[in-house]
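User: Hi! I am new to this structure and would like to learn how to read it. Could you walk me through some of its features?

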Amino acid sequence: MNEQFSILKKQPFLAHAMQRVLQADKLAHAYLLEGAKEAGQEEMALFLAAGVFCMSEQRPCGECPICQRILQRDYGDLEWMTSEESTIRIDQIRDLKRDLSLTGMEGNQRVFVIEQAEKMTVQAANSLLKFLEEPHASVYIFLLTCQREAILPTIQSRCQILHFVPLPLEKQVQVLMEEGIGQERALILSHMSHDVEKAKALNEDEIFNKSLQLLQTWLPLILRKDPRAFIMVTTDWMKLTKKCEEISQLLQLMGLFLRDMLLVAAQGEDAQAHLIQTNHYDNYLQTIQRYREENILQLIQLLPKAQRMLKSHVSPQAVLENLVLKAFAIKN
């Protein structure tokens, strides 16, 4: 199997098991791919779709033109349904069912993927159920979800269920290191996202990398209650980004740094083997000599509130300024 299928690294046991199913021509007509968010459901759907269409003996090969097109989601007989709306409506499922009845554009088989299947209304799910009860011999449907409990039991009973567990942290770090990413950076990225591909994308993200550098200056100023920490919100952070998602990532990064400091404060030298930023041990040691463990813990406790403010559509600048002021109010 070609390593272009990232599911091989993300969920190797499950991927190899499903390859055996494909090669034995035992693939069921409906699957519910459920489990942890970003655990590989999309990648598995691509893998299985390639297995349906690939003409190689060891399918999916990942190298033939068909596999390459499927990896790009650019194959006529692969239909991928995504929805930016809060629900998947019955008319959308009716359109899909109409497509199900058509012959393939490039062959005899067709594959349909429904992302965030939990968004289906009851009416939409019941409409799909009628097809699942009498599947077409040449049609395969993959339902993707991280909320299995929101899928009607009648839908679940008509599907083969594949459960996806989160990729273990150590495994993800190993995968990222195999991609040429250093161990410390791989640790940070793995704590930021449980999805290998998103972690790799984050590694190349300019805003993320600048945030990582800027935080090295900003956090010590906050801990020292230096007024420049408040000024930096306007002069640095707001010039870098005003997007809630990127400010949320900053708060997440800040939590990782503070988590390391708290470990050093609690465990001393024994903490070194468990640090995310192992090269910062001496800096952490200097920091905790000036600040009590309780102070660091209180600062950590401010971060969830800041995240909630972002989700409540409070402006990023107001969120960061409030965070600094609350940090300054912590008694040493």
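Analyst: Happy to. Helices and strands here are DSSP runs, with at least four residues for a helix and at least two for a strand, numbered from the N terminus. Read that way, the chain has 16 helices and five strands. Please keep in mind that this is a predicted model.

User: What does the C-alpha trace span along its principal axes?

Analyst: The trace spans about 70 × 40 × 35 Å. Of the 332 residues in the chain, 50% are buried. As for contacts between residues at least 6 apart in sequence, 71% of them join residues at least 24 apart.

User: How do I read one side of a helix from the other?

Analyst: Start with the general idea. An α-helix has 3.6 residues a turn, so residues three or four places apart point the same way. Now take helix H8, residues 169-178. Its buried residues are Gln172, Val173, Val175 and Leu176. Seen down the axis of H8, these residues fall within an arc of 160°, so they line one face of the helix.

User: Which exposed residues does the face of H8 turned away from its buried side carry?

Analyst: That face carries Glu170 and Glu178. The buried residues of H8, for their part, pack against H1, H9 and H10. After H8 comes Gly180, which has a positive phi, near 95°.

User: Which residues are buried in H10?

Analyst: In H10 they are Val196, Ala199, Leu202 and Asn203. Their arc around the axis is only 120°, which puts them on the same side of H10. Among the elements that cover them are helix H1 (7-10), H8, H9, helix H11 (206-223) and helix H13 (244-267).

User: H9 has come up twice. How do I read the way H9 and H10 cross?

Analyst: Look at the distance and the angle of the two axes. Those of H9 (residues 183-192) and H10 (residues 196-203) come within 9 Å and cross at roughly 125°. That makes H9 oblique to H10, and the crossing is right-handed. On the H9 side, the contact is made by Arg185, Leu189 and Met192, and on the H10 side by Ala199, Leu202 and Asn203. Sorted by class, this contact has four nonpolar, one polar and one charged residues.

User: And at what angle do the axes of H9 and H13 cross?

Analyst: They cross at roughly 125° and come within 10 Å. That makes H9 oblique to H13, in a right-handed crossing. Here Ile188, His191 and Met192 of H9 meet Gln249, Gln252, Leu253 and Leu256 of H13. By class, the contact of H9 with H13 has four nonpolar, three polar and no charged residues. Notice that Met192 takes part in the contact with H10 and also in the one with H13.

User: What about the loop between H9 and H10? Is Ser193 buried or exposed?

Analyst: Ser193 lies in that loop. The cut-off for buried is under 20% relative accessible area, so Ser193 counts as buried at 10%. Leaving aside neighbours within four places in sequence, Ser193 is in contact with Glu38, Gln172, Lys198 and Ala199. Two of these names are familiar: Gln172 is among the buried residues of H8, and Ala199 is among those of H10.

User: How do I read backbone angles that go against the usual pattern?

Analyst: Here is the general idea first. Most residues other than glycine have a negative phi, and most peptide bonds are trans. In this structure, the peptide bond from Arg59 to Pro60 is cis, with omega near 0°. Pro60 sits in the loop between helix H3 (41-53) and helix H4 (65-71).

User: Where does Arg73 lie, and what is its phi?

Analyst: Arg73 lies in the loop between H4 and strand S2 (78-81). Its phi is near 55°, a positive value in a residue other than glycine. Arg73 is partly exposed, with a relative accessible area of 37%.

User: And what is the phi of Gln116?

Analyst: The phi of Gln116 is also positive, near 45°. This residue lies in the loop between strand S3 (110-114) and helix H6 (122-133). With a relative accessibility of 35%, Gln116 counts as partly exposed.

Terms used: Residues numbered from 1 in each chain as written. Predicted model: local features only at pLDDT ≥ 70, side-chain atom pairs only at ≥ 80, totals over all residues. Heavy atoms only, no water. Axes fitted to C-alpha atoms, helices over the stretch in contact; angles between N-to-C directions. Parallel < 35°, antiparallel > 145°, perpendicular 65-115°, else oblique. Left-handed = near helix turned anticlockwise from the far one by under 90°. Contact = heavy atoms within 4.5 Å. Nonpolar A, V, L, I, M, F, W, Y, C, P; charged D, E, K, R; others polar. Buried < 20%, exposed > 50% of the residue type's maximum accessible area, 1.4 Å probe, protein only. Arc of directions from axis to C-beta.
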